Amino acid sequence: MEKQPRLLASQLLLKNSLFEVSLNRVLLTWTEIPTKKKRVSGVIHHAFKVGTSHGVSVSEILAVKELDVDSGTKDDGRWQKMPQKSSEAYPYAFTVSYVERAWQHRWRCSDVTFHCLEGALCQQWIQTIREQLAALTSRPKHLLVYINPYGGKQQGKRIYEQKVAPLFILASISTDVIVTEHANHARDHLRTEAELKQYDGVVCVGGDGMFSEMVHGLVSRTQRDNGVDQNSPEEKLVPCTLRIGIIPAGSTDCICYATVGINDPVTSALHIIVGDAQPMDVCSVHHNNTFLRYSVSLLGYGFYGDVLADSERKRWMGPARYDFSGFKTFLTHHYYEGTVSFLPATDILGTPRDKTRCRAGCFICQHNGQLYSEDAPEICETDPDVSDSEYKGGWQVIRGKFLAINAASMSCACPRSPKGLSPAAHLADGTTDLILVRKCSRFNFLRHLLRHTSKYDQFDMTFVEVHRVRRFRFTPRYCQSDSELDLRENGKRLFSQICRDHPACSCSPAYSSWNCDGEILPHAAIEVGVHCQLIKLFARGIEEQPVFEDLPNPCAI
């Protein structure tokens, strides 16, 4: 890397010691100037004290402000540190606020205060740093913020006011805040009323459901403004120009875990301030050439669909409903018959079973994103008379009995599942990992679920297969009509079917429900297409490489 010329260099006082402070266009550094030790009993121990050195990237400096030294001694009733005598000779000071990395992917705002001999020198430092910050064009200056006051533990408003708003003020970011009043308030406002041209980004304070609202509103608005028909599965969608930020305040924060590494409001706010940009794929879900929803994390049929459908009927239980419904669904052990057809992504880097992980600056996402800049292959119709597994026009078709059909567009990691459903899934490679879990015993299915929390290959089971795909379709076996407005009623018509494979229950329903990022889809027969890097987040991906990985990770930088 070419060495950057210094813009400023001075000897400034920091914590009663002299430091050599230097600034260029990339880095702010301060190194303690070595000082002689006193003579003790006629012997000089450690003739020179080794100077400590620190540095922070200019891109991660949040703000700089002049410090009123006299106001630092004002009595406000709190314990205060007595001012150092040597700082009296340096009466001018400025404070630099910057990003400091803490444990488990957390970011924190730290301050360092430098004291100057002359006021002109102090102003020169402040002005030069501010000029460098102003040159960072990726930083947002005006944001539209939506707060969900009902999500999670109903702490969204408090989290924003106490933890996020002060950081935005520090970084001189102006905001227009809207507290949502009902479901889909943010989605509808983005679709129709919001003046998006005056903002540098939109931010939601809430959980994954609130984020999904934002995605639907922003993507739909972009397609409408560009004359794109969302009801056409083959239509190429126009990427959104505005970045989306998410401040975690929900019961589940899968998006934050996949893009930042932790569900911490301060960390997410700092990523927004420094202007990070992480592209993300979005899946569009259609039924009979009618658009249903967008998905950014998980599409689940069978087990995860049944868990969600059952938990929706038990909202009175609070968050405990997920555990209860999960245990109940595991015991019922329903399987569902149907046909899955998919277009494999065979010309890209990476596979669902390799040991690479999607990290900041991911090479696989960058490489595959370039491939997807070209038009995708034409979609071929699926022959209804195909065998259990065969290729036709690039499409592979599989028929069978499934306990679960999952499509993971990201790892879907969370505290309960540190590896996620598909550990090697990538955020922006234009694919989704299609996981098929065939009918098996309860014991084997439990083994599969437990693999989500272990270090072993969770796909190394005879009844589990995974494919990295560009598109896929699913048709349930008993889909006799185009209209499936009420899956439960359709299921009841076939409820008398004898279930010889389930001795614990007398029958098995014909249909499950699709869990689309925590929302139930009204149809079982769907077509899904992946749109490469359709949106961008105020994030940069998970930075460090997990220590348990055995092979080098090309994503980590």
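Here are some questions and answers about this predicted model.

Me: How many helices and strands are there in the chain?
Reply: Let's start with the overall make-up. The chain has 557 residues, and 53% of them are buried. As for its elements, the count comes to eleven helices and 24 strands.

Me: What share of the contacts with a separation of 6 or more comes from residues 24 or more positions apart?
Reply: Take just the contacts in the chain with a separation of 6 or more. Among those, residues 24 or more positions apart account for 75%.

Me: Is W395 buried or exposed?
Reply: You'll find W395 in strand β19, which covers residues 395-408. Its relative accessibility is 1%, and the cut-off for buried is under 20%, so W395 counts as buried.

Me: What distance separates the C-alpha atoms of W395 and R471?
Reply: Along the chain, W395 and R471 are 76 residues apart. In space, though, their C-alpha atoms are separated by 9.1 Å.

Me: Why does E60 count as buried?
Reply: E60 sits in the loop between β6 (53-57) and β7 (61-67). Setting aside residues up to four places away in sequence, E60 touches Y98, V99, R101, W107, R139, V274 and R540. Buried means under 20% relative accessible area, and E60 counts as buried because its relative accessibility is 9%.

Me: Which helix gives the most to the largest nonpolar core?
Reply: That core has 63 residues, and F211 and I535 touch the most other members. The top helix contribution is six residues, and it comes from α4 (residues 208-225).

Me: Which domains each give at least three residues to this largest core?
Reply: Nonpolar side chains tend to be buried together in soluble globular proteins. I535 has contacts beyond its neighbours within four places in sequence, including F211, V215 and V296. The core as a whole draws at least three residues from each of domain 2 (138-277 + 538-557) and domain 3 (282-530).

Me: How many residues are in the second, separate core?
Reply: Members of this other core include F342, I405, F474 and I526. Its size is 27 residues.

Me: Which residue in β2 stands opposite R6?
Reply: Strand β1 (residues 6-14) and β2 run antiparallel, joined by eight bridges. They form a hairpin with two residues between them, and K15 in the turn has a positive phi of about 50 degrees. Across from R6 stands N24.

Me: Which residue in β3 does L23 stand opposite?
Reply: Six of the eight residues in β2 (residues 17-24) are buried. β2 also pairs with β3 (residues 27-32) in the antiparallel sense, over five bridges, and these two form a hairpin with two residues between them. The partner facing L23 is L28.

Technical notes. Residues numbered from 1 in each chain as written. Predicted model: local features only at pLDDT ≥ 70, side-chain atom pairs only at ≥ 80, totals over all residues. Heavy atoms only, no water. Helix = DSSP H or I, 4+ residues; strand = E, 2+ residues; numbered from the N terminus. Buried < 20%, exposed > 50% of the residue type's maximum accessible area, 1.4 Å probe, protein only. Contact = heavy atoms within 4.5 Å. Core = buried A, V, L, I, M, F, W, Y, C linked by side-chain atoms within 4.5 Å. Domains from an automatic or database assignment. Pairing = 2+ DSSP bridges.
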